[in-house]
Structures are given as structure tokens and as C-alpha cells.
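Biologist: I'm new to this one. Can you walk me through how to read how its pieces pack?

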Amino acid sequence: MSTFVTSPGAAGGSTAPSPEGSAVLTPTPALSYSDRKLFRNGSPHRIIAGAMHYFRIHPEQWPDRIERMVAMGVNTLDTYVAWNFHQPSADVAPDFTGWKDLAKFITMAGDAGLDVIVRPGPYICAEWDNGGFPAWAISDPEMVLRSSDPLFTSAVEGWFDHLLPVIAPLQACNGGPVVAVQIENEYGSYGDDQEYLRWNRKALLDRGITEILFTADGGTDDFLDGGALPDTWATATLGSRGDEADVVWERRRPGEHFFNVEFWNGWFDHWGEDHHTRTGKDAAAEAKKILDVGGSICLYMAHGGTNFGLGSGANHDGAIQPTVTSYDSDAPIAEDGRLTEKFHAMREAFFRASGRELTPVPAHLDRPAPVVPASKFDLFRGTELLDFVRAIEPVPSVKPLSFEKLGLDRGLVHYSAQAVLPVGEATIKVRELHDRAYLWINGRFAGVLTDANGVDGLKVTTGGGVTALEILVENQGRINYGPLFGQGKGILDGVLINQRYVFHWEQRPINLDRPLSELLSLGGAPDHVGEPESSATSGAVATADAESAAAGPGYFHGELHIAEPADSYLALPGFGKGMVWVNGFLLGRFWEVGPQVTLYIPAPLLKAGANKITVFELEHGGTHGEIHEQPNLGGVGVTYVEDLG
């Protein structure tokens, strides 16, 4: 079967069929396929790739992580692009500077000798908040998500108008490293709107993408039915039985080269569940099945990195399953850059498949990175939770307002109302609660409701009459996969006392993404709370003052003193659930339910001397933080292998 060029391509001025069938003078893409073989500029080629996301790695560590990828034996780097990372609010243009400098990241990979595959979505899944979408972009209830609905496609066009001019100049036809660009992402597990997929394809072509385009779906007929296009390279996402998927491709996609664009050699974790692991031996054996049939492969993830800030998404299986802060994913290159047993197993398989002699790993990559010595530091109680939220200017309404109606993407909303309770027992119900709610009655904590039990409600006993009802709702991460993608946050319906709705509410939105100094001043919370001089000593035992102050939820402040910056691992024993900042940078979420115990602090976030640690605790506070010399993501965990998809 002759090659069908799936998009116009590299320099040379050859003629290739356009998707509409008319002959158009276009350059030839760097990659092409014929008779199930892949070619790069006409020469036989195989993609051996690894996924790594710039938004999950501190930019000062990009060169190190890319160098480790090269040492593993890959020839290609794969990355998603997260829209909400570049444009968190509608009133600012997309930002491509600093940590968000996508062009710099791609160029850096190219300078290291790697090709680059870019996956611009706009939907990326990736266990990333809202599948990469800013909430503001898809909050219109009339919008049909991931479809040819003009409300949706017009929103995406605005994003693509900014994004694709960043990618297009970096294509191989312009001397850059980008050799392939993905259309949407695993659409076959969501919908069947082929018109939308063709629109997405055309949107890329119209904005200057000239390298090969491809779709990506699970390794079975069912996923191909919904997500593949007849005139576009179809690739597979799976974690096992790649040889069986290759047979499906040979039958369904004759002539196409088999490319497992997401080989799940590890897996991510949810809060409150087991830590997932997979041995290097097992993962490499499955990868070898793909390589042995002549296929191409991309490890998802080769290096996972970290869901910094509130970037982690969530799944849903009867109740929300929020993803942990670490995105280590049991990848060959660990969250902190360590080369694991899986790294060496994959490296051996890749070198063999490439016909290369297995040389030693460069010594500077295979030795442990410096870490901050183990220590303890005091954390002192600051403003209490309710004092903080009550000081925020309220937004009134008759029914409770969702996060979206309040213009809030991530964080929390404090709802308050004067409710009439009966004498004796009553049940407080929250309909359409997303995700986790803390309740107070007349200032006294009453309990917790979640999306799983909010409609069942919380039974309380009261003296009756007009009662101050307060509900603090936490967004635990927007759903990134499945039919509930795009679901709103907060109280989407209403609050009932038994069968009766409570009306007339005040809402206080808490945007945790805003700069810490602004956040603290929002509710009148100072950023330091009378710490005694003894707190400056790293390793000091928590003082009696700290012991007595650490009780309920609220802010806690402390200082970590170190001799010089290095990687470190932060634990918060005695604390329950919340968020932590390091020198004003929102590191991420923590939760005592595990499995993750320590949060990775990259060396570039620290400085010699005093480092300010701020904790926002939602449940119960402790007295001190701890610095560990090794990560603790949940112990040994359980072996987990995701199947064909």
C-alpha cells in the first residue's frame, strides 16, 4: 500500500493529496508510512519516545530531565499542551513566557538531538485539572463539549490562534524538532462526532501545521470506531498486549505503521487509594512485544514530574477520585530525577531495538542528587479558618452559586445562610455537591459531606429556630476523563433542611491560585504569626506554644533553614488536609489519607537560609513539618497494569 501523506509537510515542494481530495503543492512531512513501515525523510525509522510535560517540571530542571531521557535511549520527546496552564483566566492573553515557554522547552529537546511530538488537544486528559481546559472556556451550560457545536469550536479556535503560531515555526520543515502533531486525544472513549475530528484536523492545517497528523485511541475496535479518521494516521494507547493491538491495526488500518503513542509503563495514584507500581521487568517485557513486531513506542510517562499547585485532576467512579500531587507514576525517571530499575530495563530494550551497544549511563546522571538533610521545623498557628473566610467580601444570591457563576476555577467557596431548623433532629442535605463540604451550625463544626453522600445528608440535633449555617466547599480537582468531564464545582443545586430548600445565601470565593500575599490579605490573615526566635533553628523540637496553638483548621506559618538549596521531601505529620506553599509558591495538596506522604520540593524553589513555609489546613493542624531525605509516595504499593484501554 502506498504512502498517504496525512498532512502537508517538509521542504521539497512535492504534491500530496489534501484532506478534501484536491491536489495542493505542499512540502512532504518528515514522517511517513508505507506497508506498515515508518520512514523519516525517506529512510526507515522507528519512534522510541518518552512523554514528559513541561508544566510538571520546574523549568530550571528541564535540561537535566531531557538529558536523562536521551540517556535512556529514546529518539523522541512527547508532550501535551495544557491550555489552562497558559490562560487561567479569560481576561488575560495566553502566556508563553518563563515556566510557560513551550517553544523553549521544544527547542531544548531538539538541541539535545530529540524529535518532538506535540499533543495540543485541546482536550489532553493527562490526569490534569479539567483535562487541560480553563473552566471559564467551557462553563456555558449550552455548550456541547468536545463536539462540532460552534460554541465549543469557536472557543477552541481562539486558543489555537495563539498556540499554533508557537508550534508551527518549530516543525521539521522549518529546521525544528517537531515531527508530528496529534488531533484531539482519545476521542474514541468519549464521542463519535467525526465532523468534530475533521474540524480539529482542519484547524491545525489552517494554522500552519505541516507535519504528520495522528489520532490516539485505545487498542481495540471499539475505540477506533469513535476516534479514528479514515485519512489520518491512527495510533494506540495501552499498557499491555501490544502485540494483540498490532493485529487489530493490521486488520483495521492496513498499511499503517503501528505506534503505541501511550505505553502505560506505570500508573498514577488517587488520594485514599493504594500506591500503584509496576516492575521494570514486566513493563520492559510488554514494551518488547511492541518492538518485536516492528512497532514504535512512547512511554507514558518516561518522567512524570509533579502536579504543582492545584493542577491535579480527578476521575469519577461513583464518587470523585482526586489525583495526588505527585505525578511520579512509577516512571523510569522518578519525580525527583532518580534513575530507577525500570529506567535500566527500558534502556536495555531500547538500545537492543535500535541495534546500539549498551554503554554505561553517564556517571553524573546515575549518582544520587544532593538532598536537604533530614530535619524538623516548627509551624505556628495563624488566622483560624472561619475568621479568614468570613472576612472576605460576600456575593449574595437567592440560591447557592456554583464556582463557575462566581468566576472561580480552583479553590474553595464559603457559603452562609440563616436557616430555620426544627427542634430536635434534622437532616441537612446538599444536592449536586462537588466536591467536599465542611459544615458549621452557629459556629460549631457539624461534619463533612461529599459528592457521594451529600444528597443523603448530615443528621444534626438542634434547639430549633433561626440558625447560622456555613458550608465550605472544596474543589478537589476537576474531572479529566469520562462522561463527567466538564462538570461544575460547588453547590450546583441547593441545600435542604429535611425536604425544604434554604434560600438567600452569601458566597465568599477563595482563589488559591492567586499570589499568596494577596490571598492572605484577602481575609486579613498575616503571613507571620509571632514566631519566637527559637523557631529559626532547623531541627528544633516543636515548642509548647506551638503544641497548644495547633488544633483546628486555618493558616500555619514557619521557616525552614538550610545551608544551600537541594531537593527535599516535605511531610506534615499531625496535619489533616490542605495546601502548602514554599516561599510563596503553591507546592500542592496534602492529605493524611495517603497514599502520598511526602511532597517533592525541587531545589530551585529553595534558597540558602530561611525558607517560608505556609500551610492552609482544612481539618486539623499539627505543630511542625519534617524534611525527609527520601520520597514516600505510599510504600511498596500494589502492582497495577492497565490493559488495552
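Modeller: Sure, start with two helices: the axes of H8 (residues 280–292) and H9 (residues 341–353) come within 8 Å and cross at roughly 20°. This is a predicted model, where local features need pLDDT of at least 70, side-chain atom pairs count only at pLDDT 80 or more, and totals for chains, interfaces and linings use all residues. Residues are numbered from 1 along each chain as its sequence is written, and side-chain values use heavy atoms, leaving out hydrogens and water.

Biologist: How do H8 and H9 run, roughly parallel or roughly antiparallel?

Modeller: In general, two packed helices are described by the angle between their axes and the distance between the axes. Here the angle makes H8 roughly parallel to H9 (angles under 35 degrees count as roughly parallel). Their crossing is right-handed, meaning the near helix is turned clockwise from the far one by less than a right angle.

Biologist: Which residues make the contact?

Modeller: Contact means heavy atoms within 4.5 Å. H8 brings residues including Ala283, Ala287 and Leu291, and H9 brings, among them, Ala345, Met346 and Phe350. By class, the contact has 9 nonpolar, 1 polar and 5 charged residues.

Biologist: And what about strand E6: which strands pair with it?

Modeller: Strands pair if DSSP finds at least two bridges between them. E6 (residues 48–51) pairs in the parallel sense with E14 (residues 296–299) over 3 bridges, with Cys298 as the bridge partner of Ala49. E6 also pairs in the parallel sense with E7 (residues 76–80), over 3 bridges, and there Gly50 stands opposite Leu77.

Biologist: Are the faces of E6 buried or exposed?

Modeller: Buried, meaning under 20% relative accessible area with a 1.4 Å probe, protein chains only. Ile48 and Gly50 lie on one side, Ala49 and Ala51 on the other, and both faces are covered.

How values were computed: Axes fitted to C-alpha atoms, helices over the stretch in contact; angles between N-to-C directions. Helix = DSSP H or I, 4+ residues; strand = E, 2+ residues; numbered from the N terminus. Parallel < 35°, antiparallel > 145°, perpendicular 65-115°, else oblique. Nonpolar A, V, L, I, M, F, W, Y, C, P; charged D, E, K, R; others polar. Buried < 20%, exposed > 50% of the residue type's maximum accessible area, 1.4 Å probe, protein only.
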